[in-house]
Amino acid sequence: MPFIENRTFEELKIGDSAQIKRTLSIKDIELFSIMSGDVNPAHVDANYAKDDRFHQIIAQGMWGAALISTVLGTELPGPGTIYLDQTLRFSAPVVPGDTITIIVTVTDKKPKHHIVALECKCVNQHNSVVISGVATVMAPTLKVKRERIELPKAVLKEPKGAWYKKLIKLTKNLTPLKTAVVHPVDPLSLQGAIDAAKEKLIIPILVGPKDKILSAARAAKLDISAYEIISTCHSQEAAEVAVQLARECKVEALMKGKIHTDELMGAVVNKETGLLTSRRMSHVLYLEAPTYFKPLFLSDAALNIRPNLQEKKDITQNAIDLFHTLGFGTPKVAIVCAIETVNEKMQSTLDAAALSKMAERGEITGAIVDGPLAFDDAVSIEAAREKNINSEVAGHADILIVPDIESGNMLYKEMTCMSEMIAAGMVMGASVPIILTSRGSDPTTRKASCAMALVYVRNKAKLND
């Protein structure tokens, strides 16, 4: 059983020392900001600076000084210590991922009032001193030894809807996207489209059996009299008509209603009448995780069953292009596999290594790409450090590229069903974006997907001008 025990003034000797070691994470910064009320955007706002530089502008004092206090209060002198004074000098930055050793050493004792001076030093993993100073304390005179209390774990969550507000903010002053909504014959899909229209994200054209669309509107208590309806006999015809509208440039995007993905995409990938381009189509998910410090993009969890290397190249480039067009900067792309080493018996690891090399040579552009990386390596600084992985991507991934649809779909469903993540999704690589969400997606997810498509189309047009 672990105990906490102090050293009284009489027990302390000049030269006595104690230390603890901690690795700084984004969660540490956020938690400290919550407790202190520090909302300086240089510390907590991911949009404050590009390319994650804001993570490297943190105030070392708020974290380092707290850990010095921890050593004094729990190790040396320990329980009963009264903190009187502290001087600190910050000589080097402390950034997420740094492992800091905090060392305090007794340098002077004054019997009157039991005053003790201690040298305080914080050293990083490169043995560089990042914080130094002197603490003055009143040491305890009564011996204390008791069971060490195990603290509860803190889980940080963004306010509900924060992810959606970020996307909506990007749509400010953009003209709504003229969108063919394919077979919106149930209340949920029709509600999502109409809600998106009310927020000026899309101008919907409802394509499907008119009687079923009207029935869904009545069930959802929606007034759809202001929106155009193109009536079809069934869902397959609805998909074909919507694709033709896109080919004729009468709509700028497609949106999935109550129709199976295979049926919709069958019309899209038709070699004669579809929306094919030179790029392989792939589905990209934008996810907000309660315990990750920034958005995550995941591809491909919906379209490509068992992609080969060339197809994975297109899948990767599609996700990078979306990331850029949304204005998020240069992404760090993790090619995710079951392990982080190349194994000739696991094709996914060979593909991952090849994709990383292709990015080095400029065959994949606009991102830092690394793989193979196990999932924990991609999103956990601590896991990457424990495994001695030297990578710019490990622990900081913006985009996850999965080996196949099975692993991707299971990961996505686990994230949304068990880990409380929420997602927006769209298909890249066609001549127009396809807003593709799960048939069970709620209206907010559908609106977020519309917002993402709107920003993509409008920003892409600006970049091409």
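Me: Where along the chain is Ala-397 placed?
Reply: In this predicted model, two elements flank the residue, namely α12 (381-386) and β16 (399-401). Ala-397 belongs to neither of them, and its place is in the loop between α12 and β16.

Me: Is Ala-397 buried or exposed?
Reply: Setting aside neighbours within four places in sequence, Ala-397 is in contact with Tyr-292, Lys-294, Leu-296, Lys-332, Ala-334 and Ala-378. Its relative accessible area is 0%, and a residue counts as buried when that value is under 20%. Ala-397 is therefore buried.

Me: How far apart are the C-alpha atoms of Ala-397 and Thr-23?
Reply: Along the chain, Ala-397 and Thr-23 are 374 residues apart. In space, the separation of their C-alpha atoms is 18 Å.

Me: How does Gly-15 count, given its relative accessibility of 44%?
Reply: Gly-15 sits in the loop between β1 (3-5) and β2 (17-23), where, leaving aside neighbours within four places in sequence, it is in contact with Thr-105 and Val-106. Buried would require a value under 20% and exposed a value over 50%. Because its relative accessibility is 44%, Gly-15 counts as partly exposed.

Me: Which residue offers the backbone nitrogen that the side chain of Asp-16 reaches at 2.9 Å?
Reply: Asp-16 is also found in the loop between β1 and β2, and at 17% relative accessibility it counts as buried. Not counting residues up to four places away in sequence, Asp-16 touches Arg-7, Glu-11, Leu-76, Val-104, Thr-105 and Val-106. The backbone nitrogen that its side chain reaches at 2.9 Å is that of Lys-13.

Me: Why does the distance between the end C-alpha atoms of helix α10 agree with its number of residues?
Reply: Helix α10 covers residues 347-360, which makes 14 residues. The expected span is 1.5 Å times one less than the number of residues, so α10 should span 20 Å. The end C-alpha atoms agree with this, since their distance is 20 Å.

Me: Which elements do the buried residues of α10 pack against?
Reply: The buried residues of α10 include Ser-348, Ala-352, Leu-355 and Met-358. Just after the helix, Gly-362 takes a positive phi of about 85°. The elements that the buried residues of α10 pack against are α9 (309-325), β14 (332-337) and β15 (368-374).

Me: Which helix gives the most residues to the largest nonpolar core?
Reply: The largest nonpolar core has 56 residues, of which Ile-202 and Leu-322 touch the most other members. With nine residues, the helix that gives the most to this core is α14 (residues 443-464).

Me: How many residues are in the other core, which lies apart from the largest one?
Reply: Among the members of this other core are Ile-68, Val-94, Leu-296 and Val-402. The number of residues in it is 52.

Me: In β6, which residue is the bridge partner of Cys-122?
Reply: Strand β5 (residues 115-123) has seven of its nine residues buried, and it pairs with β4 (residues 99-110) in the antiparallel sense over nine bridges. On that side, Ile-102 stands opposite Cys-122. Nine bridges also join β5 to β6 (residues 129-138), and these two strands run antiparallel. In β6, the bridge partner of Cys-122 is Ile-131.

Me: Which residue in the turn between β5 and β6 has a positive phi of about 65°?
Reply: The hairpin of β4 and β5 has four residues between the strands, with His-113 in the turn. The hairpin of β5 and β6 has five residues between its strands, and the residue in its turn with a positive phi of about 65° is Asn-127.

Key. Residues are numbered from 1 along each chain as its sequence is written. This is a predicted model: local features need pLDDT of at least 70, side-chain atom pairs count only at pLDDT 80 or more; totals for chains, interfaces and linings use all residues. Side-chain values use heavy atoms; hydrogens and water are left out. Buried means under 20% relative accessible area, exposed over 50%, partly exposed in between (1.4 Å probe, protein chains only). Contact means heavy atoms within 4.5 Å. A polar contact is a pair of N or O atoms within 3.5 Å; within protein, one must be able to donate a hydrogen and the other to accept it, and residues adjacent in sequence count only if both atoms are side-chain atoms. A nonpolar core is a set of buried Ala, Val, Leu, Ile, Met, Phe, Trp, Tyr and Cys residues joined through side-chain atoms within 4.5 Å. Two strands pair if DSSP finds at least two bridges between them.
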